[in-house]
Amino acid sequence: MDATASDPGAGHGAASITVEQVGKVYPDGTVAVGDITLEVRAGELAVLIGPSGCGKSTVLRMLNRLIEPSKGRILLDGEDIAGQDPVALRRRIGYVIQDVGLFPHQTIRTNVGTVPRLLGGERKQIRARADELLELVGLDPARHGDRYPHELSGGQRQRVGVARALAADPVVLLMDEPFSAVDPIVRGRLQEEFLRLQATVRKTIVLVTHDIDEAVRLGDRIAVLAEGGLLLQYAPPAEVLSAPASETVARFVGADRGIRRLAVTRVRDAMRPLSGTEDVQRLPAIPDSGTLYDALAAMLTDDTLNVVVIRDGRPVGTVSRSAIFATPGGQDRATA
Ligand code: ADP
């Protein structure tokens, strides 16, 4: 789906990214990235996942020219980034890293305004923009704007990092293990908030993680990489889980991929429409935005073989236990 100018949250909008046969050999001979080709559509979130050392960060940093590829081309909205000024390019690309990298001696508000200030914006406008972004990421500017980074929790600092990366209204956001420095409970909450934020701003995002649950939860598509920077599979989460391209991918996504698949497939993909004769009164109810995981959990809790699917407050269909296990992974993400 394209982010369009008519979307108020989209601002400059989002750019597509095309990676064409890109490879990277470091000067010491290490082949960090073999040969990668993939496309991230405008407004989509692609996750790079794979074991440590498989070249994820190298790929990410080639996208904003912190690292130059040894071969291949990278296009932003169809234009080769090799011909673009790296500094100007980086101003169009937000970058969020694990421990955020906030400036410790600057207030939160000043941190968020860093790039607009570099771009020579007007002080009052920058301040207003910073406050708007703090609110967008769930921080009260009146309470937190004048504080310093050490006066915030890890989760709050992470939100500030995202706000700062969005400040110049970039067309692409790169995120390198953005949630791994916080504890699992905070991480879950940040992921939820981040999905809501992305639904508003619709940036093109490339996110690196080693956590398959995070990849499945956040990604529109997941790129599974292997040692030597090889791309094993690039597909929507449900497809990676239900039809892994190889044994290696299957092993990597884990033995419990069946359960994970249920969590990314919507009930409507397994639903049988009501014929009007069924008695659905006593069945557990699941909204049609719910997942097969929710449906199975409700069946087990209520000891039934079916659930009723509700849309706009009205029953529209049923899902049976056997349909759950017969349904291949849906193509759309269930976490949206
Ligand atoms: P990941 O992000 O998946 O952990 P990286 O992209 O950081 O992987 O690294 C990929 C490979 O390249 C690893 O083997 C790493 O040791 C190597 N590498 C990374 N940076 C350099 C460098 N500057 N010089 C030589 N080798 C490097």
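# Exercises on strands and rings

Let's begin with one bridge: Val309 in strand E13 has Gly317 in strand E14 as its bridge partner. Keep in mind that this model is predicted.

**Exercise 1.** Find out how many bridges join E13 to E14, and in which sense the two strands run.

*Solution.* Start with the residue ranges: E13 spans residues 306-311, and strand E14 spans residues 314-320. Next, count the bridges that join these strands: there are six, and the strands run antiparallel. Finally, look at the connection. E13 and E14 make a hairpin with two residues between them. In the turn, Asp312 has a positive phi of about 50 degrees.

**Exercise 2.** Work out how E12 pairs with E13, and give the handedness of the crossover between them.

*Solution.* Strand E12 covers residues 285-287 and pairs with E13 over three bridges, in the parallel sense. One contact to look up is Pro287, whose bridge partner in E13 is Ile310. Now follow the chain: from E12 it passes through helix H13 (residues 292-302) to reach E13. This β-α-β crossover is right-handed.

**Exercise 3.** Write down the strand order of the six-stranded open sheet, and name its edge strands.

*Solution.* Going across the sheet, the order is E6-E7-E8-E3-E9-E10, with mixed pairing. An edge strand pairs on one side only, and here that describes E6 (93-97) and E10 (230-235). From one strand to the next, the twist averages 15 degrees. Zoom in on the E10 side: five bridges join E10 to strand E9 (residues 221-226), and the two run antiparallel. Among the partners, Ala226 is matched with Leu230 in E10. At the E6 side, helix H7 (residues 154-166) lies across E6 and E7, running at about 165 degrees to E6.

**Exercise 4.** Search the whole structure for aromatic pairs, classify what you find, and say which parts of the chain are tied together.

*Solution.* The search gives one aromatic pair. Its members are Phe179 and Phe194, 5.7 Å apart centre to centre with 65 degrees between the planes. Since planes over 60 degrees apart count as edge-to-face, the pair is edge-to-face. Phe179 is in the loop between strand E7 (172-176) and helix H8 (184-201), while Phe194 is in H8, so the pair ties together parts that are 15 residues apart in sequence. Both Phe179 and Phe194 are buried.

**Exercise 5.** Locate the arginines that lie over the rings of Phe103 and Tyr234.

*Solution.* Over the face of Phe103 you will find Arg164, 5.3 Å from the ring centre. For Tyr234, the charged end of Arg221 sits over the ring, at 5.8 Å from its centre.

Definitions and conventions:
Residues numbered from 1 in each chain as written. Predicted model: local features only at pLDDT ≥ 70, side-chain atom pairs only at ≥ 80, totals over all residues. Heavy atoms only, no water. Phe/Tyr/Trp six-rings, centres within 6.5 Å; stacked < 30°, edge-to-face > 60°. Helix = DSSP H or I, 4+ residues; strand = E, 2+ residues; numbered from the N terminus. Buried < 20%, exposed > 50% of the residue type's maximum accessible area, 1.4 Å probe, protein only. Lys NZ or Arg CZ within 6 Å of the ring centre and 35° of its normal. Pairing = 2+ DSSP bridges. Axes fitted to C-alpha atoms, helices over the stretch in contact; angles between N-to-C directions. Contact = heavy atoms within 4.5 Å. Right-handed = clockwise from strand over helix to strand, strands pointing away.
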